[in-house]
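User: I'm new to this one and would like a close look at a single part: the aromatic rings. Could you walk me through how they pair up and what sits around them?

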Amino acid sequence: MITCDPPEHDRDRRMMTPHFVGPPHSPDLISGLEPEIRRIVGGLLDNMRDRTRIDAVDDFAYPLPVTVICKVLGVPLEDEPRFHQWIETALDAWEFGPETATEDFRGKLAAGNRAVQDFGRFAAELYDRYAERPGPGMLSAMVNEDGPEGRMSKGLITSNALLLIFAGHETTVNLIAHSVLTLLRHPDALEQLRRRPELIVPGVEELLRFESSVQFWPTRSAAEDIDIAGTTIPKGAPIFLAYGSANRDPERFTEPDELDLERRDNQHLGFSQGIHFCFGAPLARLEVQNAVGEFVRRVENPRLVEDPPPYRRNQIFRGPRHVLVDIDGIRN
Ligand code: HEM
C-alpha cells in the first residue's frame, strides 16, 4: 500500500485496517497489547540487572518492536534471525545518490534483490501454512476472513506482510535508540521526565520531531505539474519530501533545534501526513512511550559512553547502530 495511489491504496488500507488498528470490530486490539509490551520491556530491563554497561540498541531498542510485530502478525519469532539478515541486506541497497553508479553498489543491489525475494518466499510460505490451518494473528485473519470488500489476493497479503514486518521494527528501533541518546544528551529533559512521567506522551512526539527515524520516503512523484516558489515540478518527477528537514523548519517550529518535551504546537511529519500517514503509528507510539518511560524510571544514573555513537549508513532510515550506556543498576 505504501507504493500505490488511490483507488488501490485506499482499498488495501481499508481491507487491512480492521485487522490491525481494530475499531469498530475489536476496539482494544492495539491498547490490549500494552500489558504484553510492558512485560517485554520489564523483562529486557530485568536482564540488565547485573550489568554496568549496556547497548541501548541491541539490548533494548531492537528486541521490543520485533517481538511485538511478530506477535501481531503471527510470524514465528524463531524466524527472526533469518528475516533480520534479509532486511539488513535489502537496506544496504537503498541508495539514491551518486553511489548508485558504482560497481560496489551493483553488487549490493543484486544481494538486496535476492534478499527481498527470499523474504517474499518466506511470507508466501506463511500464507500457505495459514491457508491450510488458521492460527493467531493478523496474517491468518487476512488469509481466511472475508471483509465487506472480499479477501485480499495472496500477492497483496504477502507484500503487505513484508511491509509490516519491515516498517514495524526498523523505524521503531531507531526512535527508541534516538530517544535514549537524546535524553542522555539533555539531562534537564531526562530529569523533567523522571519527575513528571506523564510527559512521556508529548515527549515521544517531540523526540520524533527532533530526531526523525524516517528522513524521507522515496515513492512519491508529482501527479501533475506543481508550481512552487517559482519552480515547476513536472508531472511524473520523483519528489523526496524531507521529513527530517521539515521537522526542524524555523518557519514552522519555534526554536526548532531545542528539545522541548512540553512543546504545544507540534504537528510534526515524523509519521508523514495525508493518505500514507503511518499505518502503525498507534502501535509505535505505545511501544516507544512504554519503553522510554520505563528506561527513564528504572535505569540508575545512565551515562553515554560514546558521543556521537556510530550510525547505520542509510539515507532513509536514520538511527544509531549502537548506543553504549554505563549504568549503576536497575530499579524495581
Ligand atoms: C517510530 C516508528 C515509526 C515511524 C517513525 C514511521 C514512519 C512512517 C512514515 C514517515 C510513513 C510514510 C511514508 C510515506 O511518506 O509514504 C509510514 C508509513 C507506513 N508505516 Fe510507519 N513508522 C513507524 C512505525 C510503524 C509500525 C510499527 C508499523 C506497522 C506495524 C508501520 C507501518 C507503516 C505502513 C504500513 C505504512 C504505509 C501506509 C500507507 O502507505 O498508507 N510503521 N511510516
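Analyst: Sure, and keep in mind that this is a predicted model. The count comes to 15 aromatic pairs, so let's zoom in on a couple of them, given that ring centres within 6.5 Å make a pair.

Start with Phe-83 and Phe-122. Their centres are 6.0 Å apart with 45° between the planes, and that makes the pair tilted. Phe-83 belongs to helix H5 (residues 80-92) and Phe-122 to helix H6 (residues 103-132), so this contact ties together parts that are 39 residues apart in sequence. Both rings are tucked away: Phe-83 is buried at 0% relative accessibility, and Phe-122 is buried too, with 3%. They also have company, as ring pairs join Phe-83, Trp-86, Phe-119 and Phe-122 into a cluster.

Now hop over to Phe-96 and Phe-216. Here the centres are 5.9 Å apart and the planes meet at 75°, so this pair is edge-to-face. It links distant parts of the chain, 120 residues apart: Phe-96 sits in the loop between H5 and H6, while Phe-216 sits in the loop between helix H11 (200-210) and strand S2 (226-228). Phe-96 is partly exposed at 36% relative accessibility, whereas Phe-216 is buried at 12%.

Some rings have a charge for a neighbour instead. The charged end of Arg-209 sits over the ring of Phe-253, 5.2 Å from the ring centre. Likewise, Arg-248 has its charged end over the ring of Phe-210, 4.2 Å from that centre.

Technical notes. Residues numbered from 1 in each chain as written. Predicted model: local features only at pLDDT ≥ 70, side-chain atom pairs only at ≥ 80, totals over all residues. Heavy atoms only, no water. Phe/Tyr/Trp six-rings, centres within 6.5 Å; stacked < 30°, edge-to-face > 60°. Helix = DSSP H or I, 4+ residues; strand = E, 2+ residues; numbered from the N terminus. Buried < 20%, exposed > 50% of the residue type's maximum accessible area, 1.4 Å probe, protein only. Lys NZ or Arg CZ within 6 Å of the ring centre and 35° of its normal.
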